[in-house]
Structure formats: C-alpha cells, structure tokens
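Trainee: Could you take me through one part of this model up close, and then work outwards from there? I'd like one connected account rather than a list.

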Amino acid sequence: MTIDQVRQLVAERGVHARKLREVLSLLSEDWHPLAELVRLPAVPRRTVQDLLKALGDDAETSGDRHRLAPGLVAAYRAEFGVSGVRDHTDVLRQILVDVADVPPPLSSLDHVQATAETALNRAVWLNSTYDLAGRRLLCLGDHDLTSLAVAAVNPQVSITVVDLDERLLEFIDSRARARGLDVRTLHCDMRFGLPTSVLESFDLVFSDPPYTPEGMGLFAGRGVEALEDIASGRLLLAYGFSDRTPALGLKVQQELQKLGLVFEAILPAFHRFDGAQAIGSAADLYVCRPTGRRAVTGGTRIYTHGAQSVESSGPSKEALAALSELAPRPESSPPPKPRAAGWAEPVGKGAASLAVDLSADPGPWLLRTLLASSPARLACLVANNHPAVSSEAGQKELQELVATRFKLKFLRNNPDGKTTIVVADQVLTGTLSLGERTVREVLMKAHGKLRNVWREALITASQGVLTKRQAAEIVDNAPVASDDLDVRLVDLPKHRIAALLPEISASAGYVERPEG
C-alpha cells in the first residue's frame, strides 16, 4: 500500500517528521501548488517531491497543484494526525480575504505582513493551549489580524486590540462589527503608556513587536502591565533574528529577562511572513511567564525605519527655531523650548503658548496633542507627508474634529523644506452654539472617563439648567457603544471620535426641554 511508503518516509525523519505531517495536512485540505507546499511548512523542495513520490496514486495532480485523493483524506488524517489548523478551512479563507483587504503595511512602524496561515496558526494554538472561553485577550498591535482569527476560531473569548495605526483600528472595527465578534479597539502608542482601561485587566497578552531590543522590551513591559494576574497570566511574543546575528537575539532576550520574564517555551519558526527575508521570513513564538511587575522605561525611537528609528537624527535646528517663533510670548520671556511628543498626561495646561516637536509623528500624535493641550496657541512641527497635512482632505478632517477648540493654520514654507508647522489658535466660546460648547467641554477633558466628562459638559454648557441626574440619563441613553463611555476620549480610535462628536452635540438639544 502507498500509505505504508509514506509511513516509512515519516518514520525515517524521526523527531523532524512534524513538517512532513504539515505537508500532508495541506494536501488533505485542498489543492496546493508545489511552491506553497514548500513555503508554508518551510520544507525543502526535494523533501516535498520525495513525499509526493511516496504518495503515488494516493495523491492527485493538476498542473503544478497537488492534493490527497478525497476518498483517502480521512485515512491519512487518522494515521498521521494531520488535524487542527486545517480543520478551519472556512476561517482560513476568511483570513485570506482580510489580509488582502487590510491597509498596506507601514515601514515606519516596522510592519511586515504575517501570512494568513500564521494568523490561523496563532488562533488555533491559543485555543488548543488555553481555556479561552470567557477569558480576555489583549493584542498589542495587530496588523496581522490575529484578533479576528482568534475570534473566528473561538467566539467566546473577549478581545481588545490596542494599536497606533488609525487605519487598522477602523478596519478591525468594521470587520468585527459586521461579523458580530467580541473585538474592541483602542488607540495606543506603547511609548506613552497603555489606556488606563486596559491596565491589569487581561488573562493573556499577544504581541508581534518591533524587533529592536528597545521595541521588544517596551512592548513586553506594557504586556505585563496589562495582565490581571501575574501568577496565571501569560505574555506571548513573536520575535525573530538571523542566525548570522545571534548577539542581537541575546540582547533582546536579556531585555526580556530584565523584566523578570521566564521563557516557558520558545517555538521556533512559528510565525511566517511575506517579507522579513533578513530573518528568513520567520519568527519564533516566545511563551513568557512574568515573575513580577517592573517599571517600564524607554525612549520614542524603537523602530528600524523612518523618523522613529533608533538611528534617526530628528528635525533640523532651523525647523525647531521656526516652530518656537510661532508661539507668542511676553517680550521679556525667552522663546518656549519645543516639547517632545507625548500625551500620557495633559500638556500645556494654563500656558499662553506651547510649541511641540511632532516631526516623528507616525500619524496620530497631532490629533492627540490637540486633544491633550490647553494653551491659547499651540504650534506643532510635523513632516510634510503627515496624513493630516499632506492633503486638503486630511486638513479638513483634522479641523472638523477640533473645530470647537482650535482654528488651524498649516504653514508649509519651513526652511528645511521637509516639515510643516500647524498653528492652532483657541476658538472663543462666545461664537459657539450650545451643542458646540458641549463638544468643546468634552474635548477639553479628553483624559477623563467619557461618561463622566460628557455628563459634566452638559451641565456646564446648560449653565445649570440640567441636573446631574438628568444629564446622566441623556448620556446613558445616547446611541453610542456603552464600552466607549467607560474609556477616555483620547484612547478612542479617530473614526469613533468622529462618530461620537455629532452625538455629543445632538445631546445638548435636551437642555431646552429636559422634561422630554
């Protein structure tokens, strides 16, 4: 029998037979070209050809595609244990569509797209290793769409995604909502701290961080901060390094050990990528057990490309000088020193003017800085290709979001020719309608829990017409997600802020008729 020849070939591989079983798994699923049979399980071409030869008539061939004869699939699965991932073919097809539609990777954020099979492998491994039903999983960054894969494999797990990329957050929101999946998204730049609502709240944390020592250490530290129970919680990390640079791998592992992480397991080449050829298009899965909570420190340069890379030199002196000059000041005072980016806490409170260097902004810092600042004038330095600056549509979108707080000007004639200064002047409250004043009050307290801030904004804007109870009822009955009311406005993705502001404005309509 041909199956005996396959059994012999698998036996000859000994402890390394697992990859042959993965080839058989692929063949039992559907048609696959020879290139996929080589790439997906990372098996040499010659080895795959030997297996196909051993299969003989048990395999069918159509051009360069191969599969097991349908009538023999059950027998091969029973013999070689090729079940698990390949039992989720419908999920894999769905992930393939998602990966094809996801916003393009950003090299400035070290994005390298994991394969759809990898997203599914992660989901199946998590589901088979841990009891996910009723548990909470946090994904620190998720351009690979691991969240959607896990939710599809086990809909009973509650998943939160925090990410810097506004495009990705909107994409995941849209797909999860359309499928009724329990996946929520929050905006976060790990360098400035996690949203307060996710601290010490999760059973498991998964992340595929930037592969610099600084990036790995920072993301791992944030992951530990998010675990509810240090004893039972687990941090799962993707990390890969070239076999030509073991010293780099050692440095990263030392960064993780500084955080008190124990490596329960390292699964080699678990993750596969369409790219990242310098590390063989693969990365290991680190299963980490924390031994305590350690303070997380680090700078803003954690990536390997662009203005946020470790090697970046920052903006020119001329650009910073121009930035400072645009912030007004008393004649007796020196020009304000440009502040570095950051919005973990409100900035510029009570200041007449503020200058902020956002030249390394990957996109969302500008809006968050506007939300977190309270000066009469704010001047921000950003790159010319910033999404809120480089197009008229981007400028209009940003202005609409902060229209009740600031009037924006975009000055693109900087001496270096590479940066734009965004000047934000405060809008006078006397020019605003009741709804606009309510929105303004909410925006001015973007670091407070939205439910409380919105309620107080209604009371303030109504000048005491509404009682605290009436204002609370208006907020609780507003057509917005209850989860959004329990977080800070500054932590919401941009698209949800944009959808929320009209509802806040409309809620002020009840001020004139609180009895209704």
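Mentor: Let's start at C139. Setting aside neighbours within four places in sequence, C139 is in contact with S147, I159, T160, V161, V162 and F206. Keep in mind throughout that this is a predicted model. C139 sits in strand β4, which spans residues 136-140. Its relative accessibility is 0%, so C139 counts as buried.

Pick T160 out of that contact list and look back from the other side. T160 is in strand β5, residues 158-163. T160 is buried too, with a relative accessible area of 0%. Along the chain C139 and T160 are 21 residues apart, and their C-alpha atoms are separated by 6.3 Å. If you skip residues up to four places away in sequence, T160 touches R136, L137, L138, C139, R184, L186, V198 and F202.

S147, one of the contacts of C139, takes us on to a helix pair. The axes of α6 (residues 89-101) and α8 (residues 146-153) come within 10 Å and cross at roughly 160°. With angles over 145 degrees counting as roughly antiparallel, α6 and α8 are therefore roughly antiparallel to each other. α6 passes α8 in a right-handed crossing. From α6, the contact uses V91, Q94, I95 and D98, and from α8 it uses L148, A149, A152 and V153. Sorted by class, the residues of this α6 and α8 contact are six nonpolar, one polar and one charged.

For a contrast in angle, go to α10 (residues 213-226) and α11 (residues 246-258). The axes of α10 and α11 come within 9 Å and cross at roughly 25°. That makes α10 roughly parallel to α11. The crossing of α10 and α11 is right-handed. On the α10 side you'll find P213, M216, G217 and A220 making the contact, and on the α11 side L248, K251, V252, E255 and L256. The α10 and α11 contact has six nonpolar, one polar and two charged residues.

Now scroll to the later part of the chain for another pair. Helix α15 (residues 434-443) and helix α19 (residues 494-507) have axes that come within 7 Å and cross at roughly 125°. That makes α15 oblique to α19. The crossing is right-handed where α15 passes α19. α15 brings G435, E436, T438, V439, V442 and L443 to this contact, while α19 brings L501, I504 and S505. Split by class, the contact of α15 with α19 has five nonpolar, three polar and one charged residues.

Stay on α15 a moment. Its buried residues are G435, T438, V439, R440, V442 and L443. The cover over the buried residues of α15 includes α13 (365-372), α14 (392-401), β15 (419-426), α16 and α19.

Two residues of the α15 and α19 contact, V442 and I504, also turn up around W454. Leaving aside neighbours within four places in sequence, W454 is in contact with V442, V475, A478, V480, L485, L500, E503, I504 and S507. W454 is among the residues with the most contacts inside the largest nonpolar core, along with L366, L370, L408 and L489, and that core has 82 residues. A second, separate core has 37 residues, and it includes V91, I95, L168 and L181. You've already met V91 and I95, on the α6 side of the contact with α8. As a general point, nonpolar side chains in soluble globular proteins tend to be buried together.

For something less covered, try T467, in the loop between α16 (450-461) and α17 (468-476). T467 has a relative accessibility of 41%, so it counts as partly exposed. T467 and E456 are 11 residues apart in sequence, with 9.7 Å between their C-alpha atoms.

Finally, zoom out to the whole chain. The protein chain has 19 helices and 15 strands. Of its 516 residues, buried ones make up 52%. Take the contacts between residues at least 6 apart in sequence: 67% of those join residues at least 24 apart.

Conventions. Residues numbered from 1 in each chain as written. Predicted model: local features only at pLDDT ≥ 70, side-chain atom pairs only at ≥ 80, totals over all residues. Heavy atoms only, no water. Axes fitted to C-alpha atoms, helices over the stretch in contact; angles between N-to-C directions. Helix = DSSP H or I, 4+ residues; strand = E, 2+ residues; numbered from the N terminus. Parallel < 35°, antiparallel > 145°, perpendicular 65-115°, else oblique. Left-handed = near helix turned anticlockwise from the far one by under 90°. Contact = heavy atoms within 4.5 Å. Nonpolar A, V, L, I, M, F, W, Y, C, P; charged D, E, K, R; others polar. Buried < 20%, exposed > 50% of the residue type's maximum accessible area, 1.4 Å probe, protein only. Core = buried A, V, L, I, M, F, W, Y, C linked by side-chain atoms within 4.5 Å.
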